Amino acid sequence: MTATRVPGLPVVEDGVLISTNPASGAEAGRVPVADAAAVTETVRRAHEAALWWQALGYDGRRERLLRWRSLIVRRIEELGRLTSLETGKPQTDAVVEATAAVEHLDWAARNAKRVLGPRRMRTRLLVAEHSGHLEYQPFGVIGVIGPWNYPILTPVGPISGALAAGNAVVLKPSEYTPIVGQWLADTFAEVVPEQPVLQTVHGLGDTGAALCRSGVGKIAFTGSTATAKKVLAACAENLVPAVIEAGGKDALIVDADADIPAAAEAAVWGSMTNAGQTCIGIERVYAVAPVYDAFVSAVVEKAGHLRTGEEIGPITMPGQLEIIRDHIDDALARGGRAVLGGAEAVRPPYVSPTVLVDVPADSTEIRDETFGPTLTITKVADADEAVEQANNTAYGLGGAVFGKKNALRIARRLRSGMVAVNSTLTFVGMGNLPFGGVGESGFGRIHGEDGLREFARAKSITVRRGPSVLPAMTFERTPAQVAGIVKALRILYGRK
């Protein structure tokens, strides 16, 4: 390794992208960088492969996707080791991440035919002589731009939905985790060797921009809100639709009747897992006054047992360290207190668990995505104030509520795409639940039925079954026939 190379920072040398471990600097692997011409050629091949893949039908695709699922399960430790090498996260965390990816792959493969298959629809009055039919047709090629923090789970969500719907996929992994992305494509090719149905293109931001302009039918992006806006701008040039999963600043509400030890354990997991580098991670807690002190004490006790360098891995993206440091410093400068960790917690490439209290609502630690193992806990009078403060953000990805009597009602009031009640992050593990946000957290959904439909176009077909009794859509209709239509409308719909 050269003296100037920063561990974890992607390096391009002679057209090759080199990936290294953010803590040790050990090389994880090398992949060729794709320029715009290479991206276009990859997408062209994908369009050809898509025709073959679509012709297999739902059953043929299901069988092959389940074979890929089984291969991943058989080699899950290998994938865990590779992910740990490339991201720095504990290998056990990487294996758990892979298990969630397997769940989504299995569900999409098994349910695509039921969700997207052709069906007959009930007719309506104005066209009673016609039958209605609905089917979903694939876009052709889906471009998936993946993140570095969960390089298995996050791209496999849209990949599995897109493939199950009948599309070919071109994956652009994060430049911080290209080797894991290549592993996914290579293992898929082992079970589907006939055509390049799942391919990768590697590189920096310009490679992702080229993918948006390459002729794909749709883009599925996961990453920061700032990058999401650049992706949308590139897609807009050719009206390419996109599903966007961007940043978050998720909140946990702790109500008066919450199980405090369980809430504290879930808060520590939700905020500190993957060193806090989780888009749906808990970054803010609003605890009602009667349980606030007990909750803070329990969180500090549990988080204080976490070992940096073991349960808490390194910050994968070196540039994120300064953002975390700035957020902590701003919170302390504005009167916040560190009851665990603090300014000294940032020791590159690691950040120790940090718990902050009395942090003003206008601080960056409350307003902006931190993406590190930090947690702010704010005392509120009641659940109403907690909901108001939790919703006071431009983001709206996930969230959590701990309580008994009113927990579900509180969850429904949170402005977010997902909420976990008496747990944190658990909705990501259910393949039948849609995943996505609102506001600056993005739009569209992956996972579940809504996620499958993101990767197919609805197509409506009407078929005449016989002559028109009450012809409406013809110049040959008579005033008497129009009067008959009005009479039928009043009989069917005129009553309150």
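**Entry 1: a ring cluster.** I looked first at W52, W53, W68 and F188, which ring pairs link into a cluster. I note that this is a predicted model. I then asked how many aromatic pairs the structure holds. The count is 6.

I picked one pair, W53 with F188. Their ring centres are 5.9 Å apart and their planes stand at 70°, so I logged the pair as edge-to-face. The angle decides this, because planes over 60 degrees apart count as edge-to-face.

Where do W53 and F188 lie? I found W53 in helix 1, residues 36-55, and F188 in helix 6, residues 178-191. The pair therefore ties together parts that are 135 residues apart in sequence.

Next I checked whether these two are buried or exposed. W53 has 0% relative accessibility, so it counts as buried. F188 has 1%, so it counts as buried too. The cut-off I used for buried is under 20%.

**Entry 2: a second ring pair.** I turned to W148 and F371. Their ring centres are 5.6 Å apart and the planes are at 85°, so this pair is edge-to-face. I traced both residues to loops. W148 is in the loop between strand 6 (141-145) and helix 5 (153-164). F371 is in the loop between helix 12 (364-367) and strand 17 (374-380). The pair links distant parts of the chain, 223 residues apart. I found both W148 and F371 buried.

**Entry 3: charges over rings.** Which charged end sits over the ring of Y58? I found that of R61, 4.8 Å from the ring centre. I also looked at Y150. The charged end of K89 sits over its ring, 4.2 Å from the centre.

**Entry 4: two strands.** I followed strand 9, residues 218-222, to its pairing with strand 10. The two run parallel, and 4 bridges join them. I219 stands opposite A242 in strand 10.

I then asked which way the residues of strand 10, 242-245, point. A242 and I244 point one way, and V243 and E245 the other way. I noted that all of them are buried, E245 included.

**Entry 5: a surface patch.** I ended on the surface. L489, I491, L492 and Y493 make a nonpolar patch there of about 390 Å². I looked up I491 and found it in helix 16, residues 479-493. I491 has 48% relative accessibility, so it counts as partly exposed. Exposed would need over 50%.

Definitions and conventions: Residues are numbered from 1 along each chain as its sequence is written. This is a predicted model: local features need pLDDT of at least 70, side-chain atom pairs count only at pLDDT 80 or more; totals for chains, interfaces and linings use all residues. Side-chain values use heavy atoms; hydrogens and water are left out. Rings of Phe, Tyr and Trp (its six-membered ring) pair if their centres lie within 6.5 Å; planes under 30 degrees apart count as stacked, over 60 as edge-to-face and the rest as tilted. Buried means under 20% relative accessible area, exposed over 50%, partly exposed in between (1.4 Å probe, protein chains only). A charge sits over a ring if NZ of Lys or CZ of Arg is within 6 Å of the ring centre and within 35 degrees of the ring normal. Patches are made of residues with over 30% relative accessible area and no salt bridge: like charges are joined within 9 Å, nonpolar side chains (Val, Leu, Ile, Met, Phe, Trp, Tyr) within 5 Å. Accessible areas come from the Shrake-Rupley method with a 1.4 Å probe; for residues, only the protein chains shown count as cover. A salt bridge is a side-chain nitrogen of Lys or Arg within 4 Å of a carboxyl oxygen of Asp or Glu. Two strands pair if DSSP finds at least two bridges between them.
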